[in-house]
Amino acid sequence: MAKKGLLLVAILFYLIAGVNHFINPDFYLPLIPPYLLLIEEANLLSGTAEILGAIGLTLRQTRIWASYGIILMLICFIPSHLYFIQIGSCIDGSLCVREWIAWVRILLVQPLFIWWIYVIRNVRIFA
């Protein structure tokens, strides 16, 4: 039952996070490194990927591929986390944390999210 709960929380988490990219883009845009050039498009792509990942997790037939897609997406987010540290771990009028918290996010939280998705990749809800 625990893995089923982790799956349901992941579906909600990635669905809400993905939709938030469209509702609140001003939160995400300053976190995207400027060397990506197409910052607004990167934000929309990230939100779309999270939404599609959440939808993919809901279906047994697509859950494994959706899981690997989310893991790849989480790896792709690492440059944004590093950029956040480079700019002082603070966005004026938005997200500000101590630098060590930003490092914990990369070194502990990001791998934990990857592990979480890997663990639920084979969960059967109605089996």
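**Exercise 1. Work out whether Cys90 is buried, partly exposed or exposed, and do the same for Cys96 and Cys76.**

Step 1. Start with the cut-offs: buried means under 20% relative accessible area, exposed over 50%, and partly exposed in between (1.4 Å probe, protein chains only).

Step 2. Cys90 has a relative accessible area of 29%, so Cys90 is partly exposed. Cys96, at 42%, is partly exposed as well. Cys76 has 51% and therefore counts as exposed.

A word on the ground rules: this is a predicted model, in which local features need pLDDT of at least 70 and side-chain atom pairs count only at pLDDT 80 or more, while totals for chains, interfaces and linings use all residues. Residues are numbered from 1 along each chain as its sequence is written, and side-chain values use heavy atoms, with hydrogens and water left out.

**Exercise 2. Find which cysteines form a disulfide, and give the handedness of the link.**

Step 1. Look for a pair of cysteine sulfur atoms within 2.5 Å, which is the definition of a disulfide.

Step 2. The sulfur atoms of Cys90 and Cys96 are 1.7 Å apart, and these residues form a disulfide. The structure holds one such link.

Step 3. Now turn to the S-S bond: the angle about it is 45°, and the link of Cys90 and Cys96 is right-handed.

**Exercise 3. Locate Leu37 and Ser89, and decide whether each is buried or exposed.**

Step 1. Helices here are DSSP runs (H or I, at least four residues), numbered from the N terminus. Leu37 lies in the loop between helix 2 (25-28) and helix 3 (39-58), and Ser89 in the loop between helix 5 (78-86) and helix 6 (99-120).

Step 2. Check phi. Leu37 has a positive value near 65° though it is not glycine; for Ser89, also not a glycine, phi is positive and near 60°.

Step 3. Leu37 has 71% relative accessibility, so it is exposed. Ser89 has 0%, so it is buried.

**Exercise 4. Describe how the rings of Phe13 and Tyr14 are arranged.**

Step 1. Rings of Phe, Tyr and Trp (its six-membered ring) pair if their centres lie within 6.5 Å; planes under 30 degrees apart are stacked, over 60 edge-to-face, and the rest tilted. The count comes to five aromatic pairs.

Step 2. Phe13 and Tyr14 are edge-to-face, with 4.9 Å centre to centre and 85° between the planes. Phe13 is partly exposed at 34%, whereas Tyr14 is buried at 1%.

Step 3. Widen the view: Phe13, Tyr14, Phe113 and Trp116 form one aromatic cluster.

Notes: Helix = DSSP H or I, 4+ residues; strand = E, 2+ residues; numbered from the N terminus.
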